[in-house]
Amino acid sequence: MIKIGTKIEKAVEILNKGGLVAIPTETVYGLAANALNKDAVAKIFAAKNRPSFDPLIIHVAQFSQFKDYCKRIPELAELLSKAFHPGPLTLILEKKELVPDLVTSGQNTVGIRIPGHSTTLELLERLKFPLAAPSANPFGYISPTTAQHVADQLNHAVDYILDGGPCSLGIESTIVRVVNDEYEVLRLGGISLEVLEKVTGKKPSSVLLSSDNPAAPGMLSAHYAPRTPVVLIDKNSDLSAYNLQEAAFIGFSALRDDIPQENQFILSPKADFNEAAVNLFAYLRNAERLSVRWIFAELLPEESLGRAINDRLKRAAAK
Ligand code: TXA
Ligand code: MG
């Protein structure tokens, strides 16, 4: 039985009972449970096969709820929330006791965001608790940007998949840790560094993106990966060692002439970063479905959302 539907009441009922519901957001679909119910949260880790050292983000409907779960809200965090929420920004703040250690993997901080999707905002308004929700994919695999993507992989593990259409942004939230009046970027995502700098009037104290980053335990280098090997190339790469009939290509705006056209996925023919982000994860899935031996992928210019897309492509290639 496919569990996809659009009934918010049904999602409310299941979540109130400690069940799992996949929820739409503007970034990617999340696998949600009552963040204050340890047994419900444990089901998320089991369903995703996610290691318990990798903390979850909690989702709320209003900024006024931050104080219920976070000990201190520095002015800079308030400024960022006011500027970007609802939207693709996760703030890492000191947590209150009430937030279970299982959610935060024992850290004294919690990731919190207000998702920019009307269905999920309405759902959150009807609940008396925040939703813990990682991306709704098996650990290490490509994030889902449609309800069907979730059904393809986690149908057996969820009680319901709330369908809110394809994700409008298509890449995860930017994760920012705020400490007093400084901020660190722990994951590149839907809010670019340029925009963060403009709004805060300063550069981040650091941009920590490596796999050995103890601040974001989930940022393992191999991640977002299809089962087919992904190989990063550029325009001048010599591919003569490969049988290109058995290869797919994911490129930014232009086709290559050495790989069969029907195996090529162009993220944005008009070279638009937003359009590229929307297509990224779906195209990785489509390329995998061709059952080729290699997926060649080309990096985008290192600016704006291009940086976040490149981060995902590099991780997909790091096996
Ligand atoms: O866009 C998103 O953020 C999506 C949607 C569903 O909201 N969620 C998402 O969750 O991408 P997930 O679990 O796939 O990625 C969350 C990342 C992980 O790398 C985790 O390690 C990091 O956030 N994280 C969560 N809590 C943290 C904390 N307290 N300190 C540092 N990193 C944290
Ligand atoms: Mg994820």
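**Notebook: cavity, fold and three residues**

I began with the second largest cavity and found that Thr-174, Leu-188, Gly-189, Ile-191, Ser-192, Leu-193, Ser-304, Leu-305, Arg-307 and Ala-308 line it. My rule: on a 1 Å grid over the protein atoms alone, a cavity is a set of points where a 1.4 Å probe fits but cannot get out, and lining residues have an atom within 4 Å of a point.

A note on what I am reading: this is a predicted model, where local features need pLDDT of at least 70, side-chain atom pairs count only at pLDDT 80 or more, and totals for chains, interfaces and linings use all residues; side-chain values use heavy atoms, with hydrogens and water left out. Residues are numbered from 1 along each chain as its sequence is written, while chains are lettered from A and ligands numbered from 1 in the order in which they are written.

**The cavity**

Rolling a probe the size of a water molecule over the atoms shows where empty space is left. I got 2 cavities of 30 Å³ or more, and the second largest holds about 30 Å³. Its volume is the space filled by probe spheres set on the grid points, which are joined across faces, edges and corners.

Which helix gives the most to this lining? I found helix H10 (residues 305-317), with 3 residues. Sorting the lining by class gave me 5 nonpolar, 4 polar and 1 charged residues. For that I took Ala, Val, Leu, Ile, Met, Phe, Trp, Tyr, Cys and Pro as nonpolar, Asp, Glu, Lys and Arg as charged, and the others, Gly among them, as polar.

**The whole protein**

I noted 10 helices and 15 strands; these are DSSP runs numbered from the N terminus, at least four residues of H or I for a helix and at least two of E for a strand. The radius of gyration is 19 Å, close to the 20 Å of the globule rule for 319 residues, so the protein is as compact as a globular protein of that length. That radius is taken over C-alpha atoms, and the rule is 2.2 Å times the number of residues to the power 0.38.

Buried residues make up 58% of the 319, where buried means under 20% relative accessible area, exposed over 50%, and partly exposed in between (1.4 Å probe, protein chains only). Among contacts (heavy atoms within 4.5 Å) between residues at least 6 apart in sequence, 66% join residues at least 24 apart.

**Helix H1 and its end**

In H1 (residues 8-16) I listed Ile-8, Ala-11, Val-12, Ile-14 and Leu-15 as buried. Their cover includes strands E2 (21-23) and E3 (30-34), helix H6 (118-125), and strands E7 (131-132) and E8 (160-162). Just after H1, Gly-18 has a positive phi of about 85°.

Gly-18 came up again with Lys-43, which touches Gly-18, Gly-19 and Leu-20, neighbours up to four places away not counted. Lys-43 sits in helix H2 (residues 38-48) and is partly exposed at 38% relative accessible area.

**Two buried residues**

Thr-120 belongs to helix H6, and its 0% relative accessibility counts as buried. Outside four places in sequence, Thr-120 contacts Ile-23, Pro-24 and Pro-115.

Ala-277 is in helix H9 (residues 273-289). Is Ala-277 buried or exposed? I have it as buried, at 0% relative accessibility. With residues up to four places away left out, Ala-277 touches Leu-169, Gly-170, Ile-171, Leu-305 and Ile-309. I had met Leu-305 already, in the cavity lining.

Notes: On a 1 Å grid over the protein atoms alone, a cavity is a set of points where a 1.4 Å probe fits but cannot get out, and a pocket is an open set with protein on both sides within 12 Å along at least five of seven lines; lining residues have an atom within 4 Å of a point.
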